[in-house]
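Please walk through this protein with its structure open beside the text. The account starts with a pair of helices and then turns to the overall layout, the strands and the loops.

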Amino acid sequence: MGLFSWLLAPVIDRRIAAFQRDLMSKHITEVENIYRQMRGWRHDYHNHIQVMKAHTALNQIPELEQYLAKLDDDLTSVDTVVKTGNIMVDAILNSKISLAASKKIPVNAKAAVPDTLSVSEIDLCVIIGNLFDNAMEACLKQSEENERFIRVYIGKHKEMLYISVSNSVGGEVKKSGRNYISTKNSSSHGFGLIRIDRIVAKYGGYVNRQNEEGVFATEIMLPL
C-alpha cells in the first residue's frame, strides 16, 4: 500500500462507519413507522368491535359486510408481507417492500432465514438494506413504471445462506475493471457497495454481480 493510500484509509473507514450509522438510523425509522401503524390499528381495535356489534344488533348485515371489507383492507396494509423466521430480517425486508410499493416498484420476495447464523443480524440487515436501496435507486431511473421490478430470494443452499436481489435497470451501469460503481449522486457515493463487500469478506463469503439485458443481479453466499 502506498503512503497516500495508507494515509487515506482511516478517512475512508470513518466515512463508511458514518454512512453505516446513518443507514441503520434510516432503517430503524422505517421499521418504527410500520410498528406505529400496527400499534395504531390495535388501539382502534376496541372501537371496531363496538361498531360491528352495533351493526349485528340492528341486523345491518350489508353495512357489517362493508365495514369488515374496509377493516380487511386496512389490516392488509399493515400486516407483515414476508415472514422469514427472523424478526430483524422481517423488519428490514418489510419496511423496504413497503417503501418500494410507495414508489410504485413491484417486489417479488421469497425468504427463509435459518435459526442458526454465523453472520450477525445487524450485518445481515446492512447487506439486505443496501441491496434493496441500490435496487430501488436503479428502478427509479426508469421512465416507464410498468418496467420496474425487484426480485428477492433468501434461503439456505449447501450449508450457506444464499441472498439474491435482481432488479430492472434504467440508465447506464458503470464498471471499473471487474467492479461495478454506484451511480448515486451523494456523499455516500459507492459506500453501500463497499460496505456489502467488506461484510461478505469479513465472514469469508462470496459476492457476484452481473448486468445483462436491462437486469442487474447480486448474489451473495455466507457461511452458516
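**Helices, strands and loops**

In this predicted model, the axes of helix H5 (residues 121–139) and helix H6 (residues 191–202) come within 10 Å and cross at roughly 145°. The crossing of H5 past H6 is left-handed. On the H5 side, the contact is made by Asp123, Val126, Ile127, Asn130, Leu131 and Asn134. H6 contributes Gly192, Leu193, Arg195, Ile196, Ile199, Val200 and Lys202. Sorted by class, this contact of H5 with H6 has seven nonpolar residues, along with three polar and three charged ones.

These two helices belong to a protein with six helices and seven strands. Along the sequence, the elements follow the pattern α-α-α-α-β-α-β-β-β-β-α-β-β. The protein has 224 residues, and 39% of them count as buried. Among contacts with a separation of 6 or more, 67% are between residues 24 or more positions apart.

Strand E7 gives two examples of how distant parts of the sequence come together. Glu219 has its place in strand E7 (residues 215–223). Ile154 is 65 residues from Glu219 in sequence, yet their C-alpha atoms are 9.9 Å apart in space. Once neighbours within four places in sequence are left aside, Glu219 is in contact with Tyr162, Ile163 and Ser164, and also with Tyr206, Val207 and Asn208. Is Glu219 buried, exposed or partly exposed? Glu219 counts as partly exposed, because its relative accessibility is 29%, and the partly exposed class runs between 20% and 50%.

Met221 is also placed in strand E7. Its relative accessibility is 16%, so Met221 counts as buried, the limit for that class being under 20%. Met221 and Tyr206 are 15 residues apart in sequence, with a C-alpha to C-alpha distance of 5.0 Å. Not counting residues up to four places away in sequence, Met221 touches His157, Met160, Leu161, Tyr162, Gly205 and Tyr206. Tyr162 and Tyr206 thus appear in the contacts of Glu219 and in those of Met221.

Tyr162 has a further role to follow in the aromatic residues. How many aromatic pairs does a search of the whole structure find? The search finds one. That pair is formed by Tyr153 and Tyr162, with 6.0 Å from centre to centre and 50° between the planes, and it is tilted. An angle of 50° is called tilted because stacked planes must be under 30 degrees apart and edge-to-face planes over 60. The two partners differ in accessibility class: Tyr153 is partly exposed at a relative accessible area of 34%, whereas Tyr162 counts as buried at 17% relative accessibility. Another ring, that of Phe149, has the charged end of Arg151 over it, 4.1 Å from the ring centre.

The loops bring in two residues with unusual backbone angles. Most residues other than glycine have a negative phi. Lys158 is not a glycine, but its phi is positive, near 50°. Lys158 lies in the loop between strand E2 (150–157) and strand E3 (160–168). With a relative accessible area of 70%, Lys158 is exposed. Glu213, likewise not a glycine, has a positive phi of about 50°. The loop that holds Glu213 is between strand E6 (206–212) and E7. Glu213 is exposed, its relative accessible area being 75%.

A last loop residue, Pro114, is found between strand E1 (107–111) and H5. Which residues does Pro114 touch, not counting those up to four places away in sequence? They are Lys156, Leu161 and Leu224. For one of these, Leu161, the separation from Pro114 is 47 residues in sequence and 8.1 Å in space, C-alpha to C-alpha. Leu161 is also among the residues touched by Met221. With Pro114 the path returns to H5, since the loop of Pro114 leads from E1 to that helix.

How values were computed. Residues are numbered from 1 along each chain as its sequence is written. This is a predicted model: local features need pLDDT of at least 70, side-chain atom pairs count only at pLDDT 80 or more; totals for chains, interfaces and linings use all residues. Side-chain values use heavy atoms; hydrogens and water are left out. Rings of Phe, Tyr and Trp (its six-membered ring) pair if their centres lie within 6.5 Å; planes under 30 degrees apart count as stacked, over 60 as edge-to-face and the rest as tilted. Buried means under 20% relative accessible area, exposed over 50%, partly exposed in between (1.4 Å probe, protein chains only). A charge sits over a ring if NZ of Lys or CZ of Arg is within 6 Å of the ring centre and within 35 degrees of the ring normal. Axes are lines fitted to C-alpha atoms, for helices over the stretch in contact, and angles run from 0 to 180 degrees between N-to-C directions. Helices (H or I, at least four residues) and strands (E, at least two) are DSSP runs, numbered from the N terminus. A crossing is left-handed if the near helix is turned anticlockwise from the far one by less than a right angle, and right-handed if clockwise. Contact means heavy atoms within 4.5 Å. Ala, Val, Leu, Ile, Met, Phe, Trp, Tyr, Cys and Pro count as nonpolar, Asp, Glu, Lys and Arg as charged, and the others, Gly among them, as polar.
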